[in-house]
Amino acid sequence: MARTDVSTPDAANTPKLIAAWLFVGIPLLFGVFDTLRNALKLFQ
Amino acid sequence: MAAFLDRSHSIAGPGFSRWLVPPAALCIHLCIGQAYAFSVFNKPLAQLLCAAQHACPDPKTAGAIISATPGDWTIANLGWIFSLAIVFLGLSAAVFGRWVERVGPRMSMFAAALLFCGGLLVAALGVSIHNLPVVFLGYGVIGGCGLGIGYISPVSTLIKWFPDRPGLATGTAIMGFGGGALIGAPLAVALMRYFTTPTSNGVAATMLTMGIVYFIWMIVGVFIVRVPAAGWAPAGYVPPTAASKLITNRNVVLGQALKTPQFYLLWLVLFLNVTAGIGVLGQASLMIQEMFGVTAVAAAGFVGLMSIFNMGGRIFWASMSDFMGRKTTYIIFFVLGTVLYFLVPTFGHMGSIALFVIAFLIIISMYGGGFATIPAYLKDLFGGVNVGAIHGAVLTAWSAAGIAGPALINYIRQYQLAAGVPKADAYSVTMYIMAGLLVVGLICNLAIRAVNERYYLQGTAAEAAG
């Protein structure tokens with residue numbers, strides 16, 4: 001059976017979305033930054 | 001508690017944003033991806049006794065000497081911890097795939113958190129009593145099962161939330177597995193430094209702390225994740241009314257999928273792509289040092305860059321596959337990979353470290369891309385109903401490649417050195433063999449056709465699934 005029901009997200013989701021993405025994004029960005037900092041030694 | 005974890009209690013209400021599901025999946029994958037950084041424990045684990053006796057060799061004068069006290073574990077034995085974890089990742093993904101589909105993402109993510117973090121705690125116990133089999137049991141077996149269940153648990157949910165962009169959705173989650181090492185390695189190093197005392201190098205306390213921190217992090221994902229209500233579709237999404245050549249709008253269950261040639265061709269596609277990548281991933285540091293004479297510190301920088309491309313390749317290639325098609329994406333992996341593997345020895349002879357580094361960064365991005373694109377490929381061929389279970393079964397290819405890849409590259413290198421080939425040239429044959437493996441992978445990928453009509457769910461079963 002084809003899916004036909006469609007829903008649109010609430011605007012109230014925005015703070016939750018920001019918090020959730022920051023929760024995973026900050027550690028990940030820290031890890032990428034730390035790795036890049038160490039990787040610079042390859043070019044020294 | 002059991003009710004909260006049940007699939008029926010995790011159905012999203014009206015207005016829930018599907019963009020909350022990728023961070024929930026990342027909570028799991030960023031934690032279990034720590035497995036890729038397990039090697040940071042190898043040297044401290046090999047020095048537990050000498051650290052306790054305050055008699056470890058000075059790293060500035062001891063050179064490559066790592067284990068110095070009788071009774072300390074050897075690096076060769078410690079290597080089995082990671083290997084066991086990868087083997088149990090594949091096995092548990094295959095065995096528990098159907099269960100994961102049945103109970104839903106919340107229960108399975110919770111189980112993954114218990115197993116992975118519990119495994120870390122058992123491993124910490126093994127380290128504290130200096131019992132290697134307990135560490136094998138903890139991190140390798142229990143933690144490995146957590147890896148497998150955690151790896152597949154958000155995949156089918158993401159595919160259901162993103163029927164319009166399954167590659168992007170699963171690529172985001174699986175990118176987290178690649179990114180987990182970037183967090184896990186510096187975290188472990190910082191914690192070991194913090195917990196070091198005159199009689200301990202802090203490994204057990206670090207594993208204990210990481211087990212607790214990761215459990216909390218993974219539980220946040222358990223709380224966030226939701227499954228879409230029956231009949232839900234994203235705004236503006238028009239389900240395809242007729243299936244295209246390699247994208248079905250019907251479903252095949254795991255038992256039937258295992259009878260199709262497509263399943264085994266995809267198994268080989270993943271196996272060959274991973275074998276070619278995992279072999280050089282483990283040898284990259286040694287390879288660049290022996291081919292170009294760079295320092296160990298610079299080589300570590302190269303490995304770090306590879307980790308970033310391994311992670312970035314997952315989301316880049318999986319997202320691109322939404323536009324190019326999965327088959328075309330894998331054709332690029334195999335053709336470009338073959339060309340690059342053939343060129344690597346030439347770059348070595350030319351002394352061009354820049355071309356060597358670029359070649360390997362592209363290769364490793366495609367290694368990561370192969371992992372991230374396979375769930376969407378499976379969804380295209382077999383439909384979304386059992387994709388988590390089928391994905392779990394295909395992941396046994398990873399376990400096999402985890403053994404075959406490093407063994408192949410080590411064996412060939414040893415054979416070359418024994419035959420008197422200079423160290424700098426010893427990798428050439430390996431690169432050509434890896435290129436050959438990718439050619440076989442290309443043939444397997446080209447042989448993939450749409451699944452035969454008789455394997456699809458028929459009649460009422462198909463309606464119930466749809």
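The domain bounds used here come from an automatic or database domain assignment. With that in mind, let's walk through this predicted model, starting with chain B, which is split into domain 1 (19-52 + 71-224) and domain 2 (254-465). Measuring over C-alpha atoms, you'd find the centres of domain 1 of chain B and domain 2 of chain B 22 Å apart.

How do the two halves meet? On one side, 33 residues of domain 1 of chain B take part, and they are in contact with 31 residues of domain 2 of chain B. If you look at the domain 1 side of chain B, four helices of chain B each supply at least two residues to the side that touches domain 2: α6 (75-103), α8 (132-152), α9 (155-161) and α10 (166-195). The most comes from α6(B), which gives 13 residues to that side of domain 1. Sorted by class, this side of domain 1 of chain B has 18 nonpolar, 11 polar and 4 charged residues.

Now step back and take in chain B as a whole. Its secondary structure comes to 20 helices and 1 strand. Along its principal axes, the C-alpha trace of chain B spans about 70 × 55 × 35 Å. A compact globule with 466 residues would have a radius of gyration near 23 Å, and chain B has 23 Å, so the two agree. Buried residues make up 55% of the 466 residues in chain B. The chain also brings together stretches that are far apart in sequence: among contacts in chain B between residues at least 6 apart in sequence, 81% join residues at least 24 apart.

What sits in the interior? The largest nonpolar core has 163 residues, and those that touch the most other members are B:Ala85, B:Ala112, B:Phe116, B:Met218 and B:Phe302. Helix α16 (residues 353-382) of chain B provides the largest share of this core, 16 residues. Both domain 1 (19-52 + 71-224) and domain 2 (254-465) of chain B give residues to this core, so it lies between them. In soluble globular proteins, nonpolar side chains tend to be buried together. For a look at one of the core's members, pick out B:Ala85: leaving aside residues up to four places away in sequence, B:Ala85 touches B:Ala35, B:Tyr139, B:Gly140, B:Gly143, B:Gly144 and B:Leu147.

A little further along, B:Gly148 has its place in helix α8 of chain B. Is B:Gly148 buried or exposed? With 33 C-beta neighbours inside 10 Å, and 20 or more being enough to count as buried, B:Gly148 is buried. Apart from residues up to four places away in sequence, B:Gly148 touches B:Phe88, B:Leu89, B:Gly90, B:Leu91, B:Ser92, B:Ala93, B:Phe96 and B:Leu395.

The loop between α7 (105-128) and α8 of chain B holds B:His130. Here the backbone does something to look out for: B:His130 has a positive phi of about 50° although it is not a glycine. Most residues other than glycine have a negative phi. B:His130 counts as partly exposed, because it has 16 C-beta neighbours inside 10 Å.

Next, find helix α18 (residues 396-418) of chain B. At 1.5 Å a residue, its 23 residues should span 33 Å, and its end C-alpha atoms are 33 Å apart, which agrees. Several residues of α18(B) are buried, among them B:Trp398, B:Pro406, B:Ile409, B:Ile412 and B:Arg413. The cover over the buried residues of α18(B) includes α6, α13 (261-292), α17 (387-394) and α19 (428-446) of chain B. Just after α18(B), B:Gly420 takes a positive phi of about 90°.

Finally, turn to chain A, which has 1 helix and 1 strand. Of the 44 residues of chain A, 14% count as buried. Where the chains meet, the contact takes 32 residues from chain B and 29 residues from chain A. On the side of chain B that touches chain A, two or more residues come from each of α2 (21-32), α10, α11 (203-224), β1 (232-234) and α14 (296-324) of chain B. The most comes from α14(B), with 9 residues. By class, this side of chain B has 23 nonpolar, 8 polar and 1 charged residues.

Key
Residues numbered from 1 in each chain as written. Chains lettered and ligands numbered in written order. Predicted model: local features only at pLDDT ≥ 70, side-chain atom pairs only at ≥ 80, totals over all residues. Contact = placed C-beta atoms within 7 Å. Nonpolar A, V, L, I, M, F, W, Y, C, P; charged D, E, K, R; others polar. Rg over C-alpha atoms; globule rule 2.2 N^0.38 Å. Buried ≥ 20, exposed ≤ 12 C-beta atoms within 10 Å, placed from the backbone. Expected span 1.5 Å × (residues − 1). Core = buried A, V, L, I, M, F, W, Y, C linked by C-beta atoms within 7 Å.
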